[in-house]
Amino acid sequence: MSSAKVGIHVPIMVDEVIESLQARKGGMFLDCTFGSGGHTKAILDASPDAWVVALDRDRRAIQRGEALSAQYGERLALVHAPFADLEHAVSFKGFDGILADLGMSTDQLKEGRGFSFADEGAFDMRMDEGSGMSAQEFVNTAAERELYVALAEGGVGQNARVIAKIIAEKRPFQSARELADVIKQAHVGKKSESRVHPATVVFQALRMRINDEIGQLEHFLHAVPNVSKKGTRFAVITFHSIEDKIVTNRMRSWESAGSYPASWRGARTETRVGHVVNRKAIAPSDEEIERNPASRSARLRVLEFEKDFSK
Ligand SMILES: C[S@@+](CC[C@H](N)C(=O)[O-])C[C@H]1O[C@@H](n2cnc3c(N)ncnc32)[C@H](O)[C@@H]1O
């Protein structure tokens, strides 16, 4: 199939994803984070018998995808929905493979929506621009304690309190750039010689709060078994330890539920639902990291379901 590129985002670990989902066998696949369609396209190209339902909560992503829809016809269905609402958004159950490539796309980063430190325009950060509070509103109006909680939960660590205080003192902010400059000048966060901008984790934490990324992930993981069947491969790419830990814990609980020690006399209310395919998370190769530095922190985890839940 020719390549209709629908955005600038470079998909991560494409071969590993195709392998993990066993997409060459064909079947019905669910891409929960369509983005710029790189993984969806790779799945569709892996087999003429592969069909994809692709979700994204960002309407712009779905619009970008129309070029792919034109190319693949009825083999691709695009749905504008957050993956937490999976069971309402998708009528099919019993997918052969399910993928979630978490976080944001390079397209979102470059669209001047406040995801980047350099953005002078809309300080928005909502993936779904039609719902919820913008980053500007949150940063300029939230109580200092609420800012602190968002930063702490988003991985800012011991600097969360001092950064929340600085934000409360220096606001209002008109742009992402203004906020990034204030954090940089305050010399908190990463060491000054580091190549990482000191506002990196702060922006990640704000994005997670504005988009309720942890809540979305928890609800999503709850819903996934309900659209799976025996043999469904479930692959997740995470970009930081907070989400990786949530995914790992859930996969382990799916694997270990029901396998109690022989001496266990308690009620067995849960049953094992699947097994982890790779003990260790799959990481991008050195070559991929060189070619696409944005892949550096990506980790791919894969589980195979062992039961039919979709009936
Ligand atoms: C890293 S990109 C995916 C890139 C994609 N795999 C590709 O190859 O182009 C993440 C995408 O997931 C979407 N997204 C993030 N959280 C979401 C959620 N809760 N529900 C649906 N889509 C979400 C974002 O809007 C973004 O487009």
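**Exercise 1.** In this predicted model, find how far an N or O atom in the side chain of glutamine 216 is from a nitrogen atom of the ligand.

*Solution.* Start at the side chain of glutamine 216: one of its N or O atoms sits 2.8 Å from a ligand nitrogen. The protein covers 98% of the 600 Å² of accessible area that the ligand has on its own. Next, try aspartate 101, where a side-chain N or O atom is also 2.8 Å from a nitrogen of the ligand. Then look at histidine 39, which has a polar side-chain atom 2.8 Å from a ligand nitrogen. Now zoom out: 24 residues surround the ligand, and Asp56 and Phe83 are among the closest. Sort that shell by type and you get nine nonpolar, 11 polar and four charged residues.

**Exercise 2.** Decide whether arginine 207 is buried or exposed.

*Solution.* First, locate arginine 207 in helix H11, which runs over residues 200-210. Its relative accessible area is 9%, and buried means under 20%, so arginine 207 is buried. Finally, check its contacts beyond four places in sequence: they include Phe115, Met125 and Glu213.

**Exercise 3.** Work out why Leu147, Ala150 and Leu151 are on the same side of helix H8.

*Solution.* Begin with H8 itself, residues 144-153, where Leu147, Ala150 and Leu151 are buried. They span an arc of only 95 degrees around the axis, so they end up on the same side of H8. Turn to the other side of H8, and you'll find Arg145 and Glu153 exposed. So what covers the buried residues of H8? The cover includes helices H7 (135-141), H9 (160-170) and H11. Last stop: glycine 155 follows H8 and has a positive phi, near 95 degrees.

Notes
Residues numbered from 1 in each chain as written. Predicted model: local features only at pLDDT ≥ 70, side-chain atom pairs only at ≥ 80, totals over all residues. Heavy atoms only, no water. Near = heavy atom within 4 Å. Polar contact = N/O pair within 3.5 Å; in protein donor to acceptor, adjacent residues only side chain to side chain. Areas by Shrake-Rupley, 256 points an atom, 1.4 Å probe, with all protein chains shown as cover. Nonpolar A, V, L, I, M, F, W, Y, C, P; charged D, E, K, R; others polar. Helix = DSSP H or I, 4+ residues; strand = E, 2+ residues; numbered from the N terminus. Buried < 20%, exposed > 50% of the residue type's maximum accessible area, 1.4 Å probe, protein only. Contact = heavy atoms within 4.5 Å. Arc of directions from axis to C-beta.
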